[in-house]
Each structure stands twice: as C-alpha cells, then as structure tokens.
Amino acid sequence: MLFISLAWRNVWRNRRRSLLTVMAIGLGLAFNVFLRGITDGWHDEMVDNSVRAEVGHVQIHRAQYHDEPSVSKTLPDAGRVERVIRELPGVVGCSFRVIGSGLASTADNSSGVEVMGIDPAQEQSVTTIQHAIVKGAYLSQNGQRPILLGESLATRLKSSLGDKVVLMVQAADGSMGAQLFRLTGIFRSGAPELDGGVAYILRSDAQTLFSLGDRVTEAVLLLSSSRQVPQVVEALHHNLTGDDIEILPWWEVEPFIKQFIQIDDAFFYVIALIFFVVISIGILNTLTMSIFERTREFGVMMALGTRPVQIVRLVVNEAIALGLVGAVVGDTLGSAATLFFAKHGINLGAVKAGVAATGITSSVVYTQLTAANLIYSTIAVFIVVLAVALYPAVRASHLKPVEAIRYV
Amino acid sequence: MAVPGIAAQSADAPAIIHRAEQELRAKTEQGTVSMTVRTPEWQRTLEMQYWAVNPDKTFIRVTAPAKEAGTATLRLESNMWNYLPSVERVIKIPPSLMLQSWMGSDFTNDDLVRESSLEKDYDHKLAGEATQGGDRCYRIISTPKPNAPVVWGHLVLFVGKDDFLPRREEYYDDKGTFQKVLIFEDIRRVDDRLYPMRWKMESVTKPGHETLLVYGKLTFDRSIPSSVFTQENLQQPF
Amino acid sequence: MALVELINVSRTYHDHVDVPALKQVTLSLEKGAFAAVTGPSGSGKSTLLNVLGGIDRPDEGKIQVAGVDLTDTPANQLADFRLRRIGFVFQAFNLLPVLSVEENLEFVAALQAMPKLSRQQRARELLEAVGMAELRGKRPNDLSGGQQQRVAVLRAIMTEPAIVLADEPTANLDSANASLLLDMMERMNQEKGITFLFSTHDPQVMERARRLIRLKDGAVVADEIVRVSGLAST
C-alpha cells in the first residue's frame, strides 16, 4: 500500500506535466471511442439500408437455393417455418416470397428480369420498397394483375403506367408460363440491380405463373436490430432441423457489405494505431523525464535496499496511474460525445455523395456506443501504457546507486 | 454403307465436315418431332411440328400438350421470336437471352440459331478415329475462328466414316470444361436419306438433365412456302 | 570477530584517467564503534563507506561486514544485505519527498515486509524517543535541514542495522544542528550499542569520534583511538 501511495504521489509531483500527459491519453482515447462510435453507427446504417431494401436480416430457403437458384427449389414445409418464425423474439417482420426469372416484354422491347412475387402487406413489414415508388402506386390486391417495375427497367421497356407487360417464364414443372400484367407502379430504390432488373408482382399471381400451387421460394426476416442476427440464426437452426433447409444471415446473401465493413474497420485500426503511437510518445517522454529528475532519489532508494525489480514496479505503477486517470478522462469524454451524437446524429450533408456510394441514403448518421468499444479501447490504452513504461522502468532499475546518489 | 469415291479422298477435316453437313442438312426439312425434357425434378414431353430452310429459317410449333399447344418459335438468321398463345403475344428474344434454354430444354436459343454455322465459324482438325455407337468415326476437333460469334471454347465431333453422319458432338466452354454432348442415334433411311431419328442432348455439368428429340414424320427437300417463316404465321390459330 | 573487516581492498575508478580511490586498505572495526574516516577530498573516504555499505564493489581484496562476505555477492543479494544490515545517512536528500516523515521511516520497514501496524508503531516510538513526534505527518520539505538529517538517522536505525554509515552528515548543517545530530547518534551508540562510521571533514564530528581513521590518496595514514567513551560536554 505504501508503494502504491508512493507511485501515485510521484505522478503528481509535477502536476502540470502529468496533467498534460493525462489529457493526451484522455483525448486520444476519447477520439478513438468517438471515431469507433461513428464507424459503428455508419456501418449499422449501411447494413440497415441494404437489409431494408431487399435482403432482410435473415433468409430461409430450400437447401442449396442460394448457390443454385431455381424456381422449382421451393421452401419445404412453409407452414412449419412460419410457425417457428412467429414464435421467435426479436423478429419484427416476415415476408414469404416467390422468386423466379424470366422475360418481360412490351410492344417495344424485352428484357430478362427477376420476378419477385410478394404479399404487399408482409413485404412492407420487411423492406422499404413501398417508399421508393415514384410513379403510380405500390402493389395491392385490386383484382387485376399488377406489376411494379424499376425506373430504369421501365424506361428500357418503354412502358408507362397502365401499359401491358408480358412475363414469360419457365415454370417449376418445366413448362412455359406466360401472363399479361398491367404496370401499376414504378420505383426508384437507388440500387441499380433493383431498378434495372426486378419486377414485383403479387405472390398469388407468381404462384400461378410459375405453376407453384401454394409453395413459396423464400422467407425473409427483419429483426429489431442487426446485432441479433447471430442468435436468431442459431435459434432457427435449433428449431428448424433437417438438412433440406438453408438459413442465411444477410452477410452470406450480400457479402459485399460485410467486406466493405471489414476494410473500413482495417482503416479504423490503422488510425487507432497512429493515435496510440502518439500517446506512447507522450507517456514515454513524461516517464523518462520524471525518472531523469529523480536519479538521485532512485540512488538513495537502492542504497536503502530497494531491489531493481521493485524499482521497475514503481515506475510501472506510476505509468498505470497515468493510464488510469487518462482512461477515466478519455472514456468519459468519448462516451459523452458518442452518446450526444447518438441522440442528435451527425449531419453528413456535405459529403452526401460519397456516403450514398456506400448505400446510405439519409444524410444523418447516428453514432453508437457499445460496451465492447469502450472496453477494447481502454484495454488498448493500458497495453500501450505498460509497454511504453517498461523501457524507462528497466533503465531506472539499472541505475548504479553509487553514481545515482552523486547525480546532480 | 460406303459411298463410292469417298474412300479415295484424303481424310481432310474440313472436307469431312462439309460432307457431314451435306448429309445431315438437306435444303429443306419438315416433319414432326417429340421432345422430352428430363431434369431431376420433372419431366415433360412436347409434340411439335417443324419446318426449316437451311441454313437460315426455322419454324417450330408445339402441338401438344394442350397447355402449351400453339406456342411457336420463328428463327430468321440470328433473330428469334416466340409466340405465346396464352397472352397472344409475339416476343422477340433479346440478344442477352440467347443463352437461355429454348422451351426449357437443354438446347439454348443460341443452339437453334447456330445449328449450321459449323463450316462458317470453326476451323477443323482431324484427331484420330474412335468408335461411337458401334460405328467407326472420324474424330475432329473444331475451334472457333477468331471473332466468330460462338460461345464455345471448342467442340469435339465424331463423324461416321461410312455415312458421314455425325454420331456425337461434345461442347466445351472457354476454360475447357465439358458442358454438354449431343448424341445421334437410330440412323434410318427416311425419304431417301439416311438420318439419325433420335437426338439426345445430355448436360454434363448438370447431371440428370437431358433432352431427347425423337423424329416422327420427316420429309426433305420439298418446297416450303415463304409465308411459313413469318410473324403472321406465328400467330395463326392452331 | 570484528564487525567489519577489510583486507587489502582496492578500488580504482576508470574515468579519463585511472583514479585509484582505495589502495590496499586493511582495516577492521569493532561492534559499538563510533568512528570517523577523514582526509582531504579524493582521499577515498566515500569510497570506503560505499564498499562497506555494499553499494560499490572493490576491485581487489576481501570485505566482511556483520558476518557477510561481500566480495562476490550478486546485485540482488547486495540489495537485501543493505536493507537488513546497513543504515545509510547521506549528506542531503535522504528522504523521499512525497512521503511524510512517518512514512519515510516506514519505507525501509515496508521493504522488509514488516506489517503496517508494527512498522507504524516503531516509527512513532523512534520519533517520540527523540522528541520529534509532532513532525510525523509533515513532508520533508516542511522540515529544516537539521530536522531532516535527524529523521534520516532515525530511518537508518529503523530496521536495527549492524552498522550505520554516515557520509558527511553534517556538511549542510550549522554547528547547533550538527551538535544536535551528533548528540542523537551518540546516544544511540551508547544506549543501544549501534555502530557508527562517519566520513567527514567536519571538526565537530572528528571531535566526537572515539576512533579516527585518516586516509590520504586511498591509503590509511593514521588510525587512532582518540577518546574512551562518554558524551562530549558542551
């Protein structure tokens, strides 16, 4: 206890220098926490955008559907899947879709399309396609066979609202299916694959077109938070046994976003590293100077019988004291800043174009504070502090008492 | 049976191919054919009538089953149109969909277009002999000419030594992966020509997928009115 | 057996030139001695104390202190030896400035893992015995030079060392404080039999010493018993 007091009081001998060091550590840590908060918020937003545009948080299909899609690979026992889903906590929306491919034709042109047969109400609970309608209306069960096309597809087919569109497909039983649809809505989602290649029709119409009876291709789930995906996937695996089913988290369906996040994270770590290097230099400087100034004192201590390893411990304790105070300052500042912007958001209007490239359409990003973020950053600070303290500590312990005592 | 004069010619690959094309493709063809498509998930059989003026014009109409009866395909050179009676529409197949399967079979739209471009688009090299379907055959490797609008990396063709009819065509993609094989069987004399009456296209990359064409009535070299090969004809009630 | 024995001890410093600080010194000291080593600067006084105290090593010769042969002892063990058997009093800066007087006394005891209560008690006892109890919570910077040196002596005897080595302890003190300091040390020597060895050129110290060893150029030139016993009369 005496030695701890000794270390603590030694730190505050030069109040100004120690405060500066503590501020350096604190600000560096706070910046890291905040930057991580922005990055986390940003990434979550990206994921959310992609998830809510089409992919959902979790997709369930017949086994191997994702690798080799085929309209005849329908979801086995959809009723059972639905019952299991309805009982899972954390599921906010669920949509059962029919997916197939075919040819969309108008009088002027034809184009290959992916056909999505949806139940409009169910689909609304998962994706935001209904908000992307720019002309006409979202699908509804209105008695005719409505079709929704993306803006660039509609342009390519030269079709306007009210026009007839023929869908020609290969049905699940191999026969050729063809139906006439009426264009009731045009959407612009911002995602080129959707706007140029997808046609939405009613699920019942799709089941007729593809000769599916009452079968569907996939179940898409929206969860209350993307952080719940792993446990929901696990719960699904647990409840939907059998190897005729595949349960895919969003990152297996659209790995691009996860890869982007990983690259982004790598950048973050580089920046964090740079900060920690700067912090280390500060701490190293402070410790080295304070040891230098106390050479004679160390000499006396060693003459009195203090062992080298106890000197090392003393210096390391002093570094830990600096680190502790710095960590408190840094964590407090960083958390405060992150929580503030978590509530009020950061306006990215100025860099909106660049942001849009990552799939985020709103210009406000909300930062996120996670316990993991704080803990890892703080641990990193301590590791740095300890690593940096070792050199001066060992140097101090190697002082020769005879010379040190006489040091003026 | 040997045709006099052939044995005396040198075994020259382009000549063999030329001769094979002559044997297989008359100036005109018309008849009926039954197409059975098998996949691991389903199987169906379509009855069709067809007319062809080689190498540029083809007209095919489905006559059975009822759900698809009246569906028709018209090909003029490299343009294709489909007619769907259920929606009363003629749809032109865009170039982007040429590699899609025709009528759900293992033949692609492109296959129908490229039927007789062997001589025009490929270079041929003789690569030994082999036995196919019990008959001695020339084995020929055909590679696309530069800039030829052909999707394959190369083909391996087996042409009967006696009758110059093909027995087997193997299709390989750019990377050299064996994709599918067309097998000619049941060679019979029909309307004064030797002709393989069963054609089977088997997928190699998708096991269990195959398409079998069995010809019924066939006549060759009759004259066919040009009105057959029109979009109006596509929409004729059947 | 003598408390301290040096046999042919030599120590040379290698700077720009070689400086022989001790040349073949042979010496022994009895328990209970109150001795001073004196001589001009550079004569080797401090070096003598340093090798005796285990903070420097001789190049040649044999040293035995309190039954411990210091000649080939490794650094860690030397630290332990100093801790338990030697008390140091330096000319100045003896005390750790961030610790209170009481804590400074406790420091050496804490190094020996003496429990908090015992060492606190002993520190207080020592302070009381010399009438300095009220200084116990103060920081060294709040004390006068004389008070600091007296506390340093208390610290030196805190763990009951075999010998106290004092290197010019009165050099920074006026004569009144020097006298007070010497009184304290003499009393401890008389009452508790603690051995003291000074290095000094303060005549006040030399007057009080009962044995005077003179060094010149690293060699002993005189070694005499000057008094028998007794406190000096003022």
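Student: Which residues does Gly56(A) touch, leaving out those up to four places away in sequence?

Tutor: In this predicted model, Gly56(A) touches Val51(A), Val126(A), Val220(A), Leu221(A), Leu222(A) and Trp250(A). Gly56(A) itself sits in the loop between α2 (15-55) and β1 (58-62) of chain A.

Student: Why does Gly56(A) count as buried?

Tutor: The cut-off for a buried residue is 20 or more other C-beta atoms within 10 Å. Gly56(A) has 26 C-beta neighbours inside 10 Å, so it counts as buried.

Student: How far apart are Gly56(A) and Leu221(A), in sequence and in space?

Tutor: In sequence 165 residues separate Gly56(A) from Leu221(A), while their C-alpha atoms are 5.6 Å apart.

Student: How do the axes of α1(A) and α12(A) lie relative to each other?

Tutor: Helix α1 (residues 2-11) and helix α12 (residues 308-344), both of chain A, pack at an angle of about 60°, and their axes are 8 Å apart.

Student: What makes α1(A) oblique to α12(A)?

Tutor: Angles under 35 degrees count as roughly parallel, over 145 as roughly antiparallel and 65 to 115 as roughly perpendicular. The angle here is about 60°. It falls in none of these ranges, and therefore α1(A) is oblique to α12(A). The crossing of the two helices is right-handed.

Student: Which residues of α1(A) and α12(A) meet?

Tutor: From α1(A) they are Phe3(A), Ile4(A), Leu6(A), Ala7(A), Trp8(A), Asn10(A) and Val11(A); from α12(A) they are Leu314(A), Asn317(A), Glu318(A), Ala321(A) and Leu322(A). By class, this contact has nine nonpolar, two polar and one charged residues.

Student: Which residues have the most contacts inside the largest nonpolar core?

Tutor: That core has 107 residues, and those with the most contacts inside it are Val315(A), Leu322(A), Val164(C), Leu165(C) and Leu197(C). Apart from it lies another core, of 90 residues, which includes Val126(A) and Leu157(A).

Student: What does chain C contain in the way of secondary structure?

Tutor: Chain C comes to seven helices and ten strands. Of its 234 residues, 45% are buried.

Student: How many residues does each chain give to the contact between chains A and C?

Tutor: Chain C gives 21 residues and chain A gives 17. On the side of chain C, two or more residues come from each of α2 (75-85) and α3 (101-111). The most come from α3(C), with six residues.

Student: What is the make-up of the side of chain C that touches chain A, by class?

Tutor: Its residues divide into 13 nonpolar, three polar and five charged.

Methods
Residues numbered from 1 in each chain as written. Chains lettered and ligands numbered in written order. Predicted model: local features only at pLDDT ≥ 70, side-chain atom pairs only at ≥ 80, totals over all residues. Contact = placed C-beta atoms within 7 Å. Helix = DSSP H or I, 4+ residues; strand = E, 2+ residues; numbered from the N terminus. Nonpolar A, V, L, I, M, F, W, Y, C, P; charged D, E, K, R; others polar. Buried ≥ 20, exposed ≤ 12 C-beta atoms within 10 Å, placed from the backbone. Core = buried A, V, L, I, M, F, W, Y, C linked by C-beta atoms within 7 Å. Axes fitted to C-alpha atoms, helices over the stretch in contact; angles between N-to-C directions. Left-handed = near helix turned anticlockwise from the far one by under 90°.
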